[in-house]
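Visitor: I'd like to walk through this one with you. Mostly I want to hear why each label is deserved.

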Amino acid sequence: MGLLDYFLSSRPKGSANVAKERLQILVAHDRATRDQPSYLPQLQQEILAVIRKYVDVDMSAVSVNYEQGDSHEILELNIILPDAVHHHQA
Amino acid sequence: MARIIVITSGKGGVGKTTTSAALAMGLAQRGKRTVVIDFDVGLRNLDLIMGCERRVVYDFINVINGEANLNQALIRDKRCDNLYVLPASQTRDKDALTKEGVEQVLVELSHNHDFIVCDSPAGIEHGATMAMYFADDAIVVTNPEVSSVRDSDRMLGILSSRSRRAENNEEPIREYLLLTRYDPLRVVNGEMLSVEDVQEILSLKLLGVVPESKAVLTSSNSGIPVILDRESDAGQAYSDMVSRYLGDEVPHRFLHPEKKGFLSRLFRG
Ligand SMILES: Nc1ncnc2c1ncn2[C@@H]1O[C@H](COP(=O)(O)OP(=O)(O)OP(=O)(O)O)[C@@H](O)[C@H]1O
Ligand SMILES: [Mg+2]
């Protein structure tokens, strides 16, 4: 038995390893988004629309992060402005 | 008061109905007064797996709508006196399952049963959420396969946020993992996620591992819950599962390929 186990475990592993790694990433992502309030994507859109009135940024420049603590919730807003700030022409 | 157990999964076809039938029969055989309810409105199957399809007169929705009372709709199992089946409707829309209606039926059944087993439909829509809403315990049926594991995790999220216990801030639903259609040989070959892999991802208490087994189809062909096939690996695995659910410490079986398989494979080269 011991010997067989040795032989079997020393084989190159198949696709199960890939499955496990993919699942770990996917499930971590699912869990992170699960607890967020459902208004978050809409909020992000609207904030972006407001910012774009003044600065030329795209979607990827705005990130909204939600975290839940024991007694409080944190909404973290990150906006990366382009190097040279271009104001929209009126 | 009865304990309400939901058999759920998210993904379809993973073995919920097979499990519901086995669990209900197993509990009843151990003297527990048990009723198993089919929540799969429009696609009822439990009556077939239980072998009572020709005795269906009224169904769950008839009871909810007041068109029949519970005693008219419940089907007593011919093999086991403690067991009743409440079939789903084949014709109605799943929206006929109202929260109030479901609650009323569960409350009434609670008075004279020990366990109520709810066979959930697939998905995360209305039928599935109604099946799990009032649960005390949840058995999450999972196959060792990426989409099933992912869906199980999503279902866990729903259990912990959208159930009665969650909404009322009560003690959460007790969640258990049941891994089914497990093929130890493929696991050894690295082709299939192992029990440990799935547990690592879902981190749930493992209630059992049911091997991929020919006995499941054979049993369903003749309307006999597979747990009654005591010779079969799946039947024994389900029987162990029932013991564990009732609190016995039973070692897991069928996790490794049969020794014969090992040797013959070795000699074949
Ligand atoms: N351990 C097993 N070994 C082999 N086949 C199995 C096993 N468990 C279930 N099956 C087969 O898988 C199929 C689906 O099983 P079942 O109807 O119990 O799943 P389900 O989760 O209730 O499906 P649905 O989501 O459609 O309600 C059936 O054909 C059944 O015979
Ligand atoms: Mg089913």
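Guide: Helices and strands here are DSSP runs, at least four residues for a helix and at least two for a strand, numbered from the N terminus. In chain B, helix H1 (16-29) and E8 each supply at least two residues of the shell around ligand 1. Keep in mind that this is a predicted model.

Visitor: Which element gives the largest share of that shell around ligand 1?

Guide: H1(B) does, with 3 residues. By class, the shell has 5 nonpolar, 6 polar and 4 charged residues. Among the 15 residues around ligand 1, those that come nearest are Gly13(B), Lys16(B), Thr17(B), Thr18(B) and Ser213(B).

Visitor: What makes the approach of Thr17(B) to ligand 1 a polar contact?

Guide: The cut-off is 3.5 Å between N or O atoms. A backbone N or O atom of Thr17(B) sits 2.8 Å from an oxygen atom of ligand 1, so the pair qualifies. Gly13(B) passes as well: one of its polar backbone atoms is 2.9 Å from an oxygen atom of the ligand. With Ser213(B), a polar backbone atom is 2.9 Å from a nitrogen atom of ligand 1. On its own, ligand 1 has 640 Å² of accessible area, and the protein covers 78% of that.

Visitor: How do you know that E6(B) and E7(B) are paired strands?

Guide: Pairing takes at least two bridges. Strand E6 (residues 137-142) and strand E7 (residues 174-182) of chain B are joined by 6 bridges and run parallel, so they count as a pair. One of the partnerships puts Val140(B) with Leu177(B) in E7(B). E7(B) also pairs with strand E8 (residues 205-211) of chain B, in the parallel sense and over 6 bridges. There, Thr180(B) stands opposite Val210(B).

Visitor: Why is the link between Lys20(A) and Glu200(B) called a salt bridge?

Guide: The limit is 4 Å from a Lys or Arg side-chain nitrogen to an Asp or Glu carboxyl oxygen. For Lys20(A) and Glu200(B), the closest N and O atoms are 2.9 Å apart, so the label fits. Lys20(A) is in helix H2 of chain A and Glu200(B) is in helix H10 (residues 195-202) of chain B, so this pair joins two chains. Those two residues are also linked with Asp197(B) in a network of salt bridges.

Visitor: Is Lys20(A) buried or exposed?

Guide: Buried means under 20% relative accessible area. Lys20(A) has 15%, so it counts as buried. Glu200(B), at 49%, falls in the partly exposed class, because exposed would need over 50%.

Visitor: What makes Arg253(B) and Asp240(B) a tie between separate parts of the chain?

Guide: Their salt bridge has its closest N and O atoms 2.9 Å apart. Arg253(B) lies in the loop between helix H12 (233-245) and helix H13 (259-268) of chain B, and Asp240(B) in helix H12, so the parts tied together are 13 residues apart in sequence. Asp240(B), with 8%, is buried, whereas Arg253(B), at 37%, is partly exposed.

Visitor: Which class does Asp77(B) fall into?

Guide: At 5% relative accessibility, Asp77(B) counts as buried. Its side chain meets that of Arg79(B) in a salt bridge, 2.7 Å from N to O. Arg79(B) is partly exposed at 39%.

Conventions:
Residues are numbered from 1 along each chain as its sequence is written. Chains are lettered from A and ligands numbered from 1 in the order in which they are written. This is a predicted model: local features need pLDDT of at least 70, side-chain atom pairs count only at pLDDT 80 or more; totals for chains, interfaces and linings use all residues. Side-chain values use heavy atoms; hydrogens and water are left out. A residue is near a molecule or strand if one of its heavy atoms lies within 4 Å of it. A polar contact is a pair of N or O atoms within 3.5 Å; within protein, one must be able to donate a hydrogen and the other to accept it, and residues adjacent in sequence count only if both atoms are side-chain atoms. Accessible areas come from the Shrake-Rupley method with a 1.4 Å probe; for residues, only the protein chains shown count as cover. Ala, Val, Leu, Ile, Met, Phe, Trp, Tyr, Cys and Pro count as nonpolar, Asp, Glu, Lys and Arg as charged, and the others, Gly among them, as polar. Buried means under 20% relative accessible area, exposed over 50%, partly exposed in between (1.4 Å probe, protein chains only).
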